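These are my notebook entries on one structure. I set down what I looked up, topic by topic.

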Amino acid sequence: MKSEKVLIAGALVMIGIAGGLLVVIPFIQLKDIKPPKGLKPYTSSQQRGREEYIKQGCVYCHSQQPRDRRQAPDAERGWGRPSVAGDYYYDRPHLLGTMRTGPDLLNIGARQPSLDWHLGHLYQPRAYVPGSIMPPYGFLFDVKEKADPGERVISLPPDFAPKGMVVVAQPRALDLANYLIALDRTYPAIDAPEAKR
Amino acid sequence: MATIILLSAFIISIVALVFFIVAMIRGWFDPDSKGAEVIFAANEIGNPEDPAASPEARKALERTSPEGDDHAPDPRELESRAAADRSTDTITFVFLSCAIVWLLAASFAGLTASIKMHEPDWLGAYEWLTFGRIRTLHLNALAYGFLPMAGLGLAIWMLPRLLKTTLVGGQFALLGAILWNAGLIAGLGAIAAGFSDGMEWLEMPWQVDILLVVGGAIVAVTLVLTLRRRNVDHLYVSVWYMGAALFWFPILFLVGNIPGVHFGVQQAAMNWWYGHNALGLFFTPLALATIYYFLPKVMGTPVKSYALSLLGFWTLAFFYGQVGAHHLIGSPVPGWLITLSIVQSMMMVIPVFAFSVNQYYTMQGKLRMLLHSPTLRFLAFAGLMYAASSVQGSFEALRAINTVTHFTHYTVGHAHLGLYGFVAMALFGGMYFVMPRVMQREWPYPKLILVHFWLSVAGIGIYFIALTFGGWFQGMAMLDATRPFMESVTLTLPYLKGRSIGGALMTLAHVVFAAHFVAMVLRLGPARDAPALFYVPKGDRA
């Protein structure tokens, strides 16, 4: 090859084709999708919790995309029906994830709606799930002698509670737990206009 | 809609393929097949060259060359090549020094993340060291630190040699490197502090990404200016890869990071278009450019089939760009997109086969050189791992296999086979060749190169085997609804510990490499005579 023009033009055409197929056409195809009837926008606390989820990198171990029953037993594990594009209407950035070091979380709020459980589990996962390898998020909590009014004291099994002290959740821990509880896409996907997949 | 897109993709694939095969047969781009010899001076073919080899190894290398050693290359061409090297030495030195720093940072971050996987409470109180951040720091320091710094540093060094000129506009490359590193430092700091755009491979906040786009584009200016001053008629295969990579990266990175455009599932498709293209259209071409230049150069043998390398380039450019959605099998992105990516993943066998066959025939009958040349060992290993990881990747994209391996550590093992076994090893090889030229000094302790090589090979071997088996068993456990989910976690623990051992060996290898690098730069260690392969006496350089 003797001409740099052929090289550069060819290279640009190649990436143009790829970008057209993988970025532009999906954009056109998906841009008019409406949210399913059962999907609520995030509240500001839930949205802040979602940002905390991103900050701590939860996405590197948890997916948010249950697969079809024909492919994998995700539904039998209680992770929910296969997700549809409309389920992510309010999600920017997307958090579909590529790892399941821990379970899928798209419907964690439906199967574990307890705020106490989530707060305690975030503080020390092994207090609630023996053998878990999830990181502890103690830095989202304060350990003090006495809780101030309005602060949320978390309940821990005796082995994991600091002696003579209480553990209170920082606002961001509450936001994160609120977001996790809000992860509930158990409404029917069939309402969604784009249900054809 | 889906059928039409799919059908047209097939037709485009076939037409493009036919076009390039015809072009190759007719020699539209390359009427003379002498292209592969452009990297040699007149009468130089048959002379092995490895600046990283010890004097004894160098003699042994010359003995293994079947052509004999009665060649005397044209001294004027060697003189102009020495001038080409002088024009790049400062800039290459800056790039490679940055590469070493990022390599160490990335290695320790990776090792920390790996240990945290099986010791989750270790350093648990430090927010910036939490797994989700240190893992991301590891990836970003490697993907935007070591790999591009080493890859671009080598590219800039090769460019004037390949174009038989001196580097033009080197100050642009230097400025690009400064902007790039400033952006990277800001980006890593942001991730450690918790500011992340939230998408894999695109975590750095888009505000600092601007620095990387501009920095990368400015480095490309040097390429364009040098190309315009070239003294060769023919552009060698390494130039295509480097040139294309330098144009592809800013486009990819820009599209991936534009704020406020992408949404929901579409963003996931874009995310993996970007993610896989960072590998396929940036790191892979830079590493292939390195192998295509240094492997024949060390052996003193031109690439066997130049036409095959042309086919390899264009098929890679076409197919690799479209494989990204194989990361989304089972997700709610449009089905046609996933199918398209699976098909193109399988088509990637063509460029990989073209490269591997070429490498095999180029090295045929000269395998003994591997015993003596440190550079060649790294490059040949990298070439093998390119074939291995690519073929593995093609099959991993098939639905039946992906259903097991998706969401597991198997994928992580595969990613490291590609990025470490292939790309990083190729860049190590290139750095070992280039540094003696840049510093006008031999590597002070040749044995350390051997130590680096074997620690790296053992490390990546343990790493890959542990995660491949662990990940597969994890996937099988997750697919069996009668087994509780926790079983898929518990059973991976021994394999995750194995991964930490592999990672520790790799980190140790990099510490050895970095120490050796520092010793060379500071002129520590035994000073040997200026070797016969240097054409400019030490004193001339100052």
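The entries below cover the interface, one helix, the salt bridges and the backbone.

**Entry 1: the interface**

I recorded at the outset that this is a predicted model. I then looked up the contact between the two chains and found 95 residues from chain B and 73 residues from chain A in it. The area buried between chain B and chain A came to about 7200 Å². Carbon and sulfur atoms give 67% of that area. On the side of chain B, I noted that B:P332, B:F407 and B:F485 supply 10% of the area this chain buries against chain A, more than any other three residues.

I turned next to polar pairs across the interface. The rule finds 22 residue pairs in polar contact between chain B and chain A, both residues being at pLDDT 80 or more. Helix α8 of chain B, residues 264-299, gives the most to the side of chain B that touches chain A, with 11 residues. I divided the residues of that side by type and obtained 55 nonpolar, 27 polar and 13 charged.

How many salt bridges join chain B and chain A? I counted three between them. One I examined pairs A:R172 with B:E127, with the closest N and O atoms 2.9 Å apart.

**Entry 2: helix α6 of chain A**

I checked the span of helix α6 of chain A, residues 171-182. Its 12 residues reach 16 Å from the first C-alpha to the last, close to the 16 Å expected at 1.5 Å a residue. The buried residues of this helix are A:A173, A:D175, A:L176, A:A177, A:Y179 and A:L180. I traced what they pack against in chain A: α2 (44-55), α3 (108-111), α4 (115-123), β1 (141-144) and β2 (166-169).

**Entry 3: salt bridges**

Over all chains, I counted 28 salt bridges. Side chains of opposite charge can pair when their charged atoms come close.

In chain A, I looked at A:K144 and A:D148, whose closest N and O atoms are 3.2 Å apart in a salt bridge. A:K144 counts as partly exposed because its relative accessibility is 21%. A:D148 is likewise partly exposed, at 42%.

In chain B, the side chains of B:K164 and B:E77 meet at 3.6 Å, N to O. This pair links distant parts of the chain, 87 residues apart: B:K164 is in the loop between α4 (131-163) and α5 (170-193), and B:E77 is in helix α3 (residues 75-118). B:K164 is partly exposed at 32%, and B:E77 is partly exposed at 23%.

Are the partners B:E200 and B:R135 buried or exposed? I found B:E200 buried, and B:R135 as well. Their salt bridge is 3.7 Å, N to O. B:E200 is in the loop between α5 and α6 (206-228) and B:R135 in helix α4, 65 residues apart. I also noted one network of salt bridges with shared partners, which joins B:E44, B:E49, B:R81, B:K297 and B:R437.

**Entry 4: backbone**

Most residues other than glycine have a negative phi, and most peptide bonds are trans. I therefore searched for exceptions.

The peptide bond from A:R92 to A:P93 is cis, with omega near -5°. A:P93 is in the loop between α2 and α3 of chain A.

B:W201 has a positive phi, near 75°. B:W201 lies in the loop between α5 and α6 of chain B and is buried, at 10% relative accessible area.

B:F407 has a positive phi of about 70°. I located B:F407 in the loop between α14 (399-405) and α15 (409-439) of chain B. B:F407 counts as buried because its relative accessible area is 0%.

How values were computed
Residues numbered from 1 in each chain as written. Chains lettered and ligands numbered in written order. Heavy atoms only, no water. Contact = heavy atoms within 4.5 Å. Buried area = accessible area lost by both parts, 1.4 Å probe. Salt bridge = Lys/Arg side-chain N within 4 Å of Asp/Glu carboxyl O. Polar contact = N/O pair within 3.5 Å; in protein donor to acceptor, adjacent residues only side chain to side chain. Helix = DSSP H or I, 4+ residues; strand = E, 2+ residues; numbered from the N terminus. Nonpolar A, V, L, I, M, F, W, Y, C, P; charged D, E, K, R; others polar. Expected span 1.5 Å × (residues − 1). Buried < 20%, exposed > 50% of the residue type's maximum accessible area, 1.4 Å probe, protein only.
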